[in-house]
Amino acid sequence: MANQPKKYTKFVAAAATATLVASAIVPVASAAGFSDVADTNSHAVNINALAEAGIIGGYPDGTFKPNQELTRGQVVKMLGKWVEAQGFEIPADYATKARFTDLAADAKDQELVKYAALVFDTGVFAGSNGALNAGGKITRENMALVLDRAFKAINDTTLVEVAAEIEDVKVADLATAKAEAREAIQALRNLGISGVENFMPKDSVTRAQFATFLNKTINTEVAPVELTLTSAVATSATTLEVVLSDESKHVVTLEKALEANKETEVTFKIEETEYTAKVTYVVEELLVEEVKAINAKELTVTFNNSIKKDTVIESNGTLVDGTITLTSLDGSAVTVNSALATLSEDGRTLTLQAPAAEVFNGRYDVAIAKGAFKSAGDKEVEKFETTTGKFEDKVAPSITGTTKVTSTQVKVNFSEPVNEADAASLVAKATFKYADGTAIDSAKITGSVLSADKKSLTIGLGDADIVVGKEIVVTFIGVKDFAGNIIAPNPATVTIQKGNKDGVAPTVVDVKAVNNKALEVKFSEELVGNPTVTGVSGTLTYTQDKNDKTKYKVETTEAQTGLKSVTVSAGYTDLSGETGVAFTKVVNFDTDTVAPKLVATNIVKGTDNAEYLELTFDEEVTKSASLSTIAVTGTKVKDYVTTGVTVTVPTAKLVVDADNKKVATIKLTDLLAGADVEGAVYDLTLTGKNADATPATVAMFEDISANAGASSLKASFTRNKDGVADSNQKATIDTTVGTNGITVDDNNTVTVNFNQELDGATATDVNNYKIDGTVVEKAVLNAAVDGKQTVTLTLKADSNTFTGERNVTISNVKAKNGVVMDTYNTTEVLKENVAPTITKAVLTDVNKITVTFSEAVTNAEIDSNDFELNIGGVKVATNDTITTAAQTTAATTLVLTLEAAVTADDISKGLTIKALNTIDVKDVAENKVVAPVTVTVAQ
């Protein structure tokens with residue numbers, strides 16, 4: 001690190017005034033006057049300096065509690081106050097938009113909420129798996145990281161960069177820190193912010209220690225640098241890659257596109273400094289820029305230039321066979337040759353949709369052979385290989401809008417494919433009402449069509465009874481995507497209407513190849529249905545682009561090889577019924593032949609606090625199939641005495657990391673066995689052996705393409721002491737109860753089943769339970785049974801307004817040992833809990849009263865336990881009993897029969913009916929009518 005050049009990214013115009021560094025906080029004497037911080041305390045000067053600046057504060061009793069362990073919430077507040085003091089504004093939406101899963105925007109501690117939003121938005125504090133864990137302790141290694149990020153946010157350069165020219169000062173235990181924190185820890189040591197040789201990365205931090213770290217960080221000076229333009233290269237018609245004299249790189253977007261292969265003078269700004277350069281946009285090699293899954297059904301391939309559609313999409317709309325290979329590393333294979341393919345309008349983005357029930361999940365090896373695709377300038381794509389990041393679709397589908405298809409057809413568009421078998425099943429999850437609330441019989445909705453890509457539903461409005469020009473509100477409940485995410489919001493509504501016909505004929509604008517199993521067809525306007533494409537083998541599937549409805553992705557089940565001629569057949573129809581034109585392209589394939597190479601060995605602490613040998617390779621690896629044992633040979637040196645090491649280790653002890661398959665580990669107690677000596681220095685050779693009686697030397701690892709790596713690996717290290725494993729028993733949901741650990745008791749109560757005894761405070765906090773579409777009013781912790789506990793949730797009356805499936809999220813509940821659970825997401829079907837009410841009662845005969853309710857109700861059998869009659873405000877023994885008619889078919893009215901006919905005198909005194917607590921009149925969701933309640937009877 002000491003030999004790295006200094007890099008600053010805070011810019012100063014050549015002739016402008018110098019940029020000032022962030023305001024320093026100068027140490028002062030005992031200004032704060034904390035009763036437990038003496039002037040002789042080594043941290044006092046820093047504590048008092050920060051107190052003067054308003055960044056830290058004490059407790060109501062006048063103490064600072066310097067030796068108390070620092071919490072993550074306190075770190076957020078202090079860093080947030082520093083960042084705010086440098087001119088950064090608190091986000092306007094901090095009180096409405098939560099940044100962390102365990103810190104609601106309306107939480108009681110609003111100071112924490114606003115500073116959490118500020119440090120999150122400025123990149124200072126990202127939390128752990130989306131959670132803040134405000135009451136948890138922060139380790140010293142994580143403290144180093146957030147100090148470096150805060151310094152970066154304020155100064156536009158990191159502590160690491162400021163310390164780059166300083167000779168490294170020894171940090172004896174640097175190797176025990178996690179890799180991402182090591183540079184920041186070294187920077188703290190080099191800059192004198194940390195003054196000890198052993199940093200103790202895994203230890204917690206006291207309030208006094210953090211005050212010293214923070215104040216020294218704040219007072220670290222950054223000299224502004226006058227920057228000049230080193231180079232500017234056009235990477236696209238509108239994008240420059242710019243390098244400045246501090247070696248910082250920047251991407252600049254031009255307002256006007258460059259003409260290809262022509263030198264052009266351009267002017268642009270970086271950090272308010274204006275630069276001028278002469279650049280030429282050279283259109284030459286075709287490269288793949290990025291491959292990523294955008295949801296459970298779709299993956300995109302982005303190129304640096306436009307590609308020809310006929311080289312990537314078969315005539316049946318699928319990817320040209322053989323152009324792309326896609327290998328799942330996590331057991332979620334996708335038949336890429338059958339993937340439906342579409343190409344973006346600019347020809348640079350290929351979208352592949354997984355066929356049938358297949359989904360994108362986890363990680364994939366992606367390979368594109370040189371020459372598989374061609375650019376618009378006939379340049380062949382360069383060979384491309386990558387492993388995608390781990391993908392897990394947690395984004396809910398949504399309604400993105402509507403499109404008029406014909407006068408009697410309106411298309412509802414979804415943000416991604418919905419997991420419905422056909423239009424009928426999707427329509428069954430919808431209700432249709434005019435804007436005035438009048439219901440439309442779903443039987444009138446005929447001829448609806450779910451698109452092949454399941455991203456749009458064309459609703460048929462052809463029935464003569466549906467009124468032209470009258471707004472219709474369509475409400476979808478419980479619709480899911482292919483990853484099981486429920487539509488957001490749930491229910492989701494959209495407004496459509498039946499209209500009159502229009503009529504403009506379509507044309508084909510372009511046909512572009514995307515990859516070996518997909519092409520894109522661009523039309524002048526949206527079509528009623530899919531076009532017909534020929535010229536590619538395999539079964540074709542067609543997907544309309546979710547953003548540009550005039551484009552279609554055509555995917556084939558077979559990877560295409562060699563030259564292919566692609567044609568869009570005549571007869572494709574626009575939204576008004578007119579018809580329209582066609583296009584063609586080429587592909588190839590290559591394989592990986594390069595063996596994996598060991599690039600680093602490290603000693604790391606595992607989650608059990610034991611030491612492991614970590615082997616890092618230049619690509620993802622697996623253990624060789626023929627590997628049976630590992631022969632460990634070499635020497636160990638202890639107290640100047642050298643002895644030999646000979647150990648045989650079973651291959652099962654060598655583990656490839658499931659999340660990062662470039663890394664393999666072996667526990668030192670397994671690697672060293674009887675030669676395990678604390679403090680010894682080891683110089684070892686690890687050699688792979690097969691299972692033969694006389695084992696032969698074999699490769700220890702191979703890559704995903706089965707290229708064998710080296711048979712022997714070297715490792716040198718000093719053996720330290722293993723720690724004691726931390727308790728990691730988290731609160732978990734008992735999914736053996738029902739299908740998801742949740743029991744629906746009735747319309748108003750739900751029980752959550754846990755696997756262990758719980759911390760009562762967090763278990764009974766209603767904020768830890770989120771159920772879409774309703775409000776959790778109370779959480780009651782029930783007695784433990786066999787070491788397990790349940791929590792009964794009471795839903796607020798009348799808060800659940802719809803019947804259907806909805807998302808359920810449970811988080812922040814701790815086990816009795818204090819370890820917080822991982823956030824648990826599931827879905828559950830609940831019935832609405834809005835109780836029907838009596839809206840009016842009318843005397844319809846001398847002995848009958850017709851009661852009208854707020855919604856349709858039933859009454860299981862004839863009985864007299866529902867209502868009583870009052871005459872003149874009192875019960876009259878001879879006429880107080882009321883018999884309720886049986887009503888098995890739900891209706892909004894119900895007839896009551898009186899014990900005796902009423903007289904004119906009775907009517908003149910006034911009649912009322914009282915709904916009794918014993919009433920069993922219910923709505924279709926089995927909510928009982930609100931009682932007791934008294935209603936005046938009208939004539």
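Here are three short exercises with worked solutions on the structure above.

This is a predicted model, in which local features need pLDDT of at least 70, side-chain atom pairs count only at pLDDT 80 or more, and totals for chains, interfaces and linings use all residues. Residues are numbered from 1 along each chain, and side-chain values use heavy atoms, leaving out hydrogens and water.

**Exercise 1.** Describe how helix H2 packs against helix H7.

*Step 1.* Two packed helices are described by the angle between their axes and the distance between the axes.
*Step 2.* H2 (residues 72-85) and H7 (residues 207-218) pack at about 25°, with axes 12 Å apart.
*Step 3.* H2 is therefore roughly parallel to H7 (angles under 35 degrees count as roughly parallel).
*Step 4.* The contact (heavy atoms within 4.5 Å) includes Met78 and Trp82 of H2 and Phe210 and Leu214 of H7.

**Exercise 2.** Find the cis peptide bonds that lead into Pro489 and Pro491.

*Step 1.* Ala488 and Pro489 are joined by a cis bond with omega about -10°.
*Step 2.* From Asn490 to Pro491 the bond is also cis, with omega near 5°.
*Step 3.* Pro489 sits in the loop between strand S20 (472-476) and strand S21 (492-496), and Pro491 is in the loop between S20 and S21 too.

**Exercise 3.** Is Lys65 buried, exposed or partly exposed?

*Step 1.* Locate Lys65 in the loop between helix H1 (44-52) and H2.
*Step 2.* Look at its backbone: phi is positive, about 55°, although Lys65 is not a glycine.
*Step 3.* With 29% relative accessibility, Lys65 counts as partly exposed (buried means under 20%, exposed over 50%, partly exposed in between, with a 1.4 Å probe and protein chains only).

Terms used
Axes are lines fitted to C-alpha atoms, for helices over the stretch in contact, and angles run from 0 to 180 degrees between N-to-C directions. Helices (H or I, at least four residues) and strands (E, at least two) are DSSP runs, numbered from the N terminus. Angles under 35 degrees count as roughly parallel, over 145 as roughly antiparallel, 65 to 115 as roughly perpendicular and the rest as oblique.
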